[in-house]
Structure formats: structure tokens, C-alpha cells
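Reader: I am new to protein models and would like to learn how to read one, feature by feature. Could you take me through it slowly?

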Amino acid sequence: MSILVGQEMLDAIKRGEIVIDPLDESQIGPGSVDLTLGNDFRVFKKEIGICHVHNESDFADVTDLVSLAEGEYITISPCEMILGITRERITLAETMAGWLEGRSRFARFGLAVHVTAGFMQPGISNHQVLEIVNLGHRPLALYPGTKICQFVFERCIGSARYQGRFVDQGKP
């Protein structure tokens, strides 16, 4: 598998192998595309007790959906995790996959944008959910529209199409 850079990434977008909606050309870098933070979040309920994690567990049972208006922000305390989502919908051909990565400019504040789910399957067509954690020592305020993460594209050997649980996610 090979990572797309520069003109190869732009050519794949022109051919429709990669669709990013919406996309501003200022988001395109030399080896990735910056994605922006959406307005919807899932905040974990402040409950005491065990959260049972198994194949039938549903994160919606332990979180509340919060939607922000333009200009508002959400605060994350140290050691807190919330779920966010990108404004952009990513659609990949069955021969393309990708990696969701944080941005170093925000990692320097202690912000991590995905805990373990950085790989994006071939053939996806959805908004990317972000597992956002504040690893720093001070509360962080996050603003929708911020270029919060980047997507690195990779060409696959062969083809496949993701058909899993989050095949058409539009909310965190």
C-alpha cells in the first residue's frame, strides 16, 4: 500500500476515488487533508458505577448528544474524553483506505483526537467520529470549524467495501 501525496492526492480527488464534502482547497496539504470539527458531540454522563463493555454495548447509553451553535465552544477537562465528528463526509473508492491523525499544533496542548480507531476502511462514506481526549493539565475549549485533524490516504492492493456498524454515521 502507498500513501498518496501532492498531485497524486489531487488526481484521486478529481477521479472521484476520494470525495470530501465540503472541501476547501486550503485544507489540502502535501500529504494529507485537514478535517474540521463539527458542531455535534457526545459527552459522557457523570455516573458512578461500572460501564460494561462487550459486543452488545452501545456508547449512546453512557453519553448525551450535545449540539453547539456557531460561535459556541465545548470545554474538555484534563483526563476527560468526549466524542466529536468532522464536518466533512469522506467517501473512498474500494481501492482506497486512510488514517485519521491528530495535528501536532494541538497535540502540544495535550489534545488527542482519536484513542484507537485511526484506520478508515476501504469504501467508507461517512463523517469521521473523533475520540477526543484532553491529556493536558488545563481545561481545553474546542471550537467547531477548527482544523482539528488530518486524513492520510492510502491506495490498497485489491478492493473491499466497509459494511460495518458505522457504515453511514452522521452524528458522533
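Reader: Where does Cys-79 lie in the chain?

Author: Cys-79 is placed in the loop that runs between strand E6 (74–76) and strand E7 (81–92); please keep in mind throughout that this is a predicted model. Although Cys-79 is not a glycine, its phi is positive, at about 65°.

Reader: Is Cys-79 buried or exposed, and how does one decide?

Author: One compares the relative accessible area with two cut-offs, under 20% for buried and over 50% for exposed. Because its relative accessible area is 73%, Cys-79 is exposed.

Reader: Which residue, by contrast, shows me what a buried loop position looks like?

Author: Take Gln-27, which is found in the loop between strand E2 (18–21) and strand E3 (33–36). Its relative accessibility is 6%, and therefore Gln-27 counts as buried.

Reader: What does the side chain of Gln-27 reach?

Author: The idea is to look for polar partners and then for the wider set of neighbours. The side chain of Gln-27 reaches the backbone oxygen of Asp-34 at 2.8 Å, and a polar contact of 3.0 Å joins it to the side chain of Glu-88. If residues up to four places away in sequence are not counted, Gln-27 touches Pro-22, Ser-32, Val-33, Asp-34, Leu-35, Thr-36, Glu-88 and Lys-147.

Reader: Pro-22 appears in that list; what kind of peptide bond leads from Asp-21 to Pro-22?

Author: To read a peptide bond, one looks at the omega angle. The bond from Asp-21 to Pro-22 is cis, with omega near 0°, and Pro-22 itself has its place in the loop between E2 and E3.

Reader: How should I describe two aromatic rings that form a pair?

Author: A pair of aromatic rings is described by the distance of the centres and the angle of the planes. In this model the count comes to three aromatic pairs. One of them is formed by Tyr-73 and Tyr-143, which is tilted, with 5.2 Å from centre to centre and 40° between the planes. This pair links distant parts of the chain, since Tyr-73 is in the loop between E5 and E6 while Tyr-143 is in the loop between strand E12 (140–142) and E13, 70 residues apart.

Reader: Why do Tyr-73 and Tyr-143 each count as partly exposed?

Author: Tyr-73 counts as partly exposed because its relative accessible area is 45%, and Tyr-143 because its relative accessible area is 40%. Another tilted pair is that of Phe-151 and Phe-153, with 4.7 Å from centre to centre and 40° between the planes; here Phe-151 is buried, and so is Phe-153.

Reader: Which residues touch the most other members of the largest nonpolar core?

Author: For a core, one asks which buried nonpolar residues join up and which of them have the most partners. The largest nonpolar core has 31 residues, and those touching the most other members are Ile-18, Leu-92, Ile-132, Leu-142, Ile-148, Phe-151 and Phe-153. The largest share of this core, four residues, comes from strand E13 (residues 147–155). As for Ile-132, when its neighbours within four places in sequence are left aside, its contacts include Leu-37, Ile-76, Met-81, Leu-111, Val-113 and Leu-142.

Reader: How far apart are the C-alpha atoms of Asp-64 and Phe-106?

Author: Separation along the chain and separation in space are two things to read side by side. The C-alpha atoms of Asp-64 and Phe-106 are separated by 25 Å, and the two residues are 42 apart along the chain. Asp-64 has its place in strand E5 (residues 63–67), and its relative accessibility of 40% is why it counts as partly exposed. Not counting residues up to four places away in sequence, Asp-64 touches Phe-41, Arg-42, Val-43 and Lys-45.

Reader: What can be said of the chain as a whole?

Author: One begins with its elements, and the protein chain has two helices and 13 strands. With 172 residues, a compact globule would have a radius of gyration near 16 Å, and the chain has 16 Å, which agrees. Of these 172 residues, 41% count as buried. Finally, among contacts between residues at least 6 apart in sequence, 79% join residues at least 24 apart.

How values were computed: Residues are numbered from 1 along each chain as its sequence is written. This is a predicted model: local features need pLDDT of at least 70, side-chain atom pairs count only at pLDDT 80 or more; totals for chains, interfaces and linings use all residues. Side-chain values use heavy atoms; hydrogens and water are left out. A nonpolar core is a set of buried Ala, Val, Leu, Ile, Met, Phe, Trp, Tyr and Cys residues joined through side-chain atoms within 4.5 Å. Buried means under 20% relative accessible area, exposed over 50%, partly exposed in between (1.4 Å probe, protein chains only). Contact means heavy atoms within 4.5 Å. A polar contact is a pair of N or O atoms within 3.5 Å; within protein, one must be able to donate a hydrogen and the other to accept it, and residues adjacent in sequence count only if both atoms are side-chain atoms. The radius of gyration is taken over C-alpha atoms; the globule rule is 2.2 Å times the number of residues to the power 0.38. Rings of Phe, Tyr and Trp (its six-membered ring) pair if their centres lie within 6.5 Å; planes under 30 degrees apart count as stacked, over 60 as edge-to-face and the rest as tilted.
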